[in-house]
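Let's take a walk through a protein model, stopping at a few spots worth a second look. Keep the 3D view open as you read.

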Amino acid sequence: MKSNRARIQRGSAPSEPTRQAQAPVETAAADVGADLGWPLLDGADAQFEPGPPVGLARLAAELLDELGRLSAGTRDDPFSNPVLRLALDLSRRIEAGTLSYGMLEQLIQHLAAQGFVGRAARLGAYVGEADPERNARRLHGLVRSLAVPDGSQATVPFEDFRTRVEQEAFGIVITAHPTFNLSGELMEILTQLATGRAADGAPLDEAGRAALVRNMAGQVHRPDADLSLLREHALSLTAIGNIQHALRRLYDIVFAVAQEVYPDRWAELNPRMMTVASWVGYDLDGRSDIRWTDTLRKRLIVQATQLRHYQEEVRAIRAMEDWPDEIRHTLDLLESRIALAINELTDEIEVFGADPNERSVHLHIQRIARRMHEGLNLRLIDGALAIDLVDRAIRLAGHERPVPLRHLCVLRAELANYGLGMAHTHVRINSTQLHNAIRKTVGMETAPDDPRYRQSYLAALNALLDGVKPATINFGSILAERTSAKRLFMVVAQMLKYADATTPVRFLIAECESAFTALAALYYAKLFGVADKVDISPLFETEKALEVGSRIVDQLLENPHFRAYVQARGRLCIQTGYSDAGRYLGQTPAAASIERLKMRIARLFPKHGLEGVQLLVFDTHGESIGRGAHPASFADRLSYVSPPRQRAYLADHGIAFKQEVSFQGGDGYLHFVTPTAAFAVVTRILEHVLASPAAAEQDPFYEDPDYITEFFTTVKEFQVSLMRDPNYASLLNTFGTNLLYPSGSRAIKRQSDAPETAEPASASQIRAIPHNAILQQLGLPANTVAGMGEAIDKDPDRFRQLHASSARFRQLMGMVEYGVAVSCPEALDAHVASLDPGLWLRRAAWAPDRPHADELRRLAAFLEEGQLHVRQVKIWRKLFADFCILRDNLAPVAADTPVAPGTADAIRLLHAIRLAIMHEIFRLATRIPQFSSQHNTTHDRVIQRVLHLDVPTAVEQLRKIFPAETDTSSDGDFGEAATYVGDESGNYRQENETIFDPMTGLYELLRRCSGAMVHRIGFFG
């Protein structure tokens, strides 16, 4: 795989030492690794021999200069595409032997390393102050202002201070969305460079930074090879552990302030302020690969890990002092109780990790279940038990020992906040799974909101709720249950029974578009005896759900069963989603719709008499503009989903409010890979939560609802038309996720088993994250920017006025401006043009020799059969026309570019390189020998797979049809003698070495280009 991969000469390049200052692609990267030569890839990571030494910085600069010249030429030749022309120039260099595959690989690595450093700089600027001591002082000032308001001489009463610090005001939710685009090691390096701190928190000096950069530059920038759910769970626990570390420091600051201001009562506090939750391993929405035993096992792992932390804390506190006997005995009792619980968990974790479909495992589960039940009194399932022992130690310790006393108080706060797990538990299922579970019970034969039967279905469900009596279950009940929804409620019941009986579980319902769905969940919560510990939370994300969401909540609160349930729980929980909403409505209209939805729901509180009930909103957004993360700063990220106007309304009307946001997958975990980063993020969140929101009252955005509604409706209609357009589906599906490395454990469905004949799937069948990622890689994030040109063009003057006067409107448009800055419409045009048979016929007309021309003509013929270009060029024109209107209207109002200088040029260069690689793969495909139909495929089908960049599948099939080695041995007793010994004429070593191997290597380079592009854009999907 490392040599002789293609029939080209290993050409020479301009001679220059590799140790060369980087080209100024991003000035943000200037002082990190700027004077270091990137190490060359070698060994298993290198796909091709590097060839002679290459001045990578000079080569990159030369290509950027050429791109600039080609771009300038488009003023005179509007038919010219500079990205495509540079790609063609690279192809000519490869054909001439002046640019080898190995040199191309090193150039991609050089650009990826540069982009990585720039991405680290962007992350550092995004999160803000990273110095732990400075952040600690900021938190100290914020907490003190709760006790002694700024400018006031009076101290707030202790009970008021206690209310503020013990209230859950914000929640971090860790999810496993598929955005893992870097290995765990590279994630840690990125965060260390971003914060300027090593893993242990020590400041990085120049030598330390240089070592990290060299390490990074010598690795392939791709996700972990084994990106399983188990790996995702392990990464999530690292993130959660660092969040806990940050919150421990916060609690210590709270106690320090309280000790100073309230010296007699400070030890009474149980601060919370922030929570952390996780659904990694518990999210069953759209997944069939997570077994119920996986879910339970991960919950037990989380419990065991947290109990070990508590055990270590108790040991550390006991070692702080020569405690009196009574205190020492109390601490010993607490430690032994925790140790016994840990011991009980060990075997269970192993058994529940096995495959439950095996008969032997059923027997193991029976054995473990009996032991769990018999040893229930030995387990630690109620955090109050541990808290009582800590309380006793605190009372006995008194104020004479302030340092260990504070440690005891922090331990008690952790027990009160986290319970007996590292994080609160979120489980998720979709509405269809709930409907399937209850369908027969209520005689439901159509959709629950079918107007012909809606009231009948609700009446039947209400009758069930009227008479429901809790049922008892065991693990055998779960093994026997076939419906996902009932099985999940049973698993939650067993979690509460055997892991933590006091900490509530959030039950999230995706695609909730009717009150019936949430009432069905309430019925099962009551049936399985968990209604007092489960918070049912409908997700409003689809176009319909955002439109009717407030009516659904209104109907739920009119139902006596649900209203009583909400009042008993003391909170009304909803979830909003920015991923699918952004995909269907466009990201910015989705944000505006979600904001209106929240305000409408808030107005239901006085209508239904919900005094004392907390409104909890979980905003499920990600780290990209396509999933609702504002790119300007962390403060903008938070206020984008929870704007000041909304927070001020809730405060003015006395509605208790808790905001939760998700941090999704690899992009999200970057914020918590190190303790330093986690503490910085916690500081930014509290700066947001404790800030006064009154300044947004007069924002014109809220005073001109007619224009705003028409503006975003125009964008929404454009986006809806895209999603319904089969040409848009073709654009997304042709290359699809084949442009990318797998980014998570969730399996991504192939666009087709027979791409050359099958009609492309609807765009709505592509999940939000791959949908966004494909758009970014094609060069135009349509779900963020498309339709904006048409909306602005209706009244450009009014747009400019609102942009100048409204902070909220500018914030919403900031997403669009960033999307424009990282767009490359020429790249989208070039991808579509690469499917044009006419392009290859024109290249064939000027080919240097007949064999080369024949290859290009064959390629044109293959593309003619697919008709891909004819369909996609239509959608390209629609997107490009709107983009140009948007770009021209943004130019007078947008301030400085929202990306680092040189980012756009670097993105265009990467597009050109990847297109050149794609063209090489296409050309190699024309050399595949003809073969008769075998292995369930044909020659044409294999070619079409390659043209869709499904290279791994194509090559796997080709290696079976054309094996490099053929077994010619006739050894063995066949009953008769033979003198003939076959030769190796049946081997296809040459085809493997000159076609299949280089095709595989080039496909790897293509995906590395995509990874380098992620660095420049700043996020995945």
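What follows is a short tour of helices, cores, cavities and a few single residues.

One thing to keep in mind from the start is that this is a predicted model.

**The greasy inside**

Let's begin with the nonpolar cores. The largest one has 343 residues, and those touching the most other members are I174, F475, F711, Y728, I913, I917 and M999. Helix α8 (residues 229-261) gives this core its largest share, 16 residues. Another core lies apart from it, with 7 residues, including V173, L508, C573 and F618.

Now zoom in on I913. Which residues does I913 contact, leaving aside its neighbours within four places in sequence? They are L90, L104, L107, I108, L111 and C1009.

**Empty spaces**

The model also has cavities: the count comes to 12 of 30 Å³ or more. Here are the largest and the second largest side by side.

| Cavity | Volume | Lining by class |
|---|---|---|
| Largest | about 160 Å³ | 6 nonpolar, 3 polar and 5 charged residues |
| Second largest | about 100 Å³ | 6 nonpolar, 2 polar and 4 charged residues |

The largest cavity has 14 lining residues, and those nearest its centre are R122, L123, E623, H671 and G1018. Helix α3 (residues 101-127) supplies the largest share of that lining, 4 residues. As for the second largest cavity, its lining includes A176, H177 and P178, along with W279, V280 and G281. The charged residues D283, R287, R428 and R746 are also part of that lining.

**A helix under cover**

Next, find helix α36, which spans residues 837-845. Its buried residues are P837, G838, L839, W840, R843 and A844. What covers them? The cover includes α2 (82-96), α35 (825-833), α37 (850-866), α38 (868-890) and α39 (903-925). An α-helix has 3.6 residues a turn, so residues three or four places apart point the same way. Look at the N-terminal end of α36 too: D836 caps it, with a side-chain oxygen 2.9 Å from the backbone nitrogen of G838.

**Two polar residues tucked inside**

Is S639, in helix α24 (residues 634-641), buried or exposed? S639 counts as buried because its relative accessible area is 13%, and the cut-off for buried is under 20%. Its side chain makes a polar contact of 2.8 Å with the side chain of Q811. Beyond its neighbours within four places in sequence, S639 also contacts P644, H688 and R808, among others.

Q303 sits in helix α9 (residues 292-318). Q303 is buried as well, with a relative accessible area of 2%. A polar atom of the Q303 side chain lies 2.8 Å from the backbone oxygen of A499. Setting aside neighbours within four places in sequence, Q303 is in contact with L345, L380, L420, G421, Y498 and A499. Take L345 from that list: Q303 and L345 are 42 residues apart along the chain, and their C-alpha atoms are separated by 8.5 Å.

**A partly exposed lysine**

K526 belongs to helix α18 (residues 515-527). K526 is partly exposed, because its relative accessible area is 28% and that class runs between 20% and 50%. Not counting residues up to four places away in sequence, K526 touches L465, V468, P470 and A531. How far apart are the C-alpha atoms of K526 and G838? They are separated by 65 Å, with these positions 312 residues apart along the chain.

**Two unusual backbone angles**

Most residues other than glycine have a negative phi, and most peptide bonds are trans. With that in mind, have a look at M273, which has a positive phi of about 65° although it is not a glycine. M273 is found in strand β2 (residues 273-278), and it is buried, with a relative accessible area of 3%.

L949 also has a positive phi of about 65° and is not a glycine. Where is L949 found? L949 lies in the loop between α40 (939-947) and α41 (951-961). L949 is buried, with a relative accessible area of 0%.

How values were computed:
Residues numbered from 1 in each chain as written. Predicted model: local features only at pLDDT ≥ 70, side-chain atom pairs only at ≥ 80, totals over all residues. Heavy atoms only, no water. Buried < 20%, exposed > 50% of the residue type's maximum accessible area, 1.4 Å probe, protein only. Contact = heavy atoms within 4.5 Å. Polar contact = N/O pair within 3.5 Å; in protein donor to acceptor, adjacent residues only side chain to side chain. Core = buried A, V, L, I, M, F, W, Y, C linked by side-chain atoms within 4.5 Å. 1 Å grid on protein atoms, 1.4 Å probe; cavity = no way out; pocket = protein on both sides within 12 Å on 5 of 7 lines; lining within 4 Å. Points joined across faces, edges and corners; volume = space filled by probe spheres on them.
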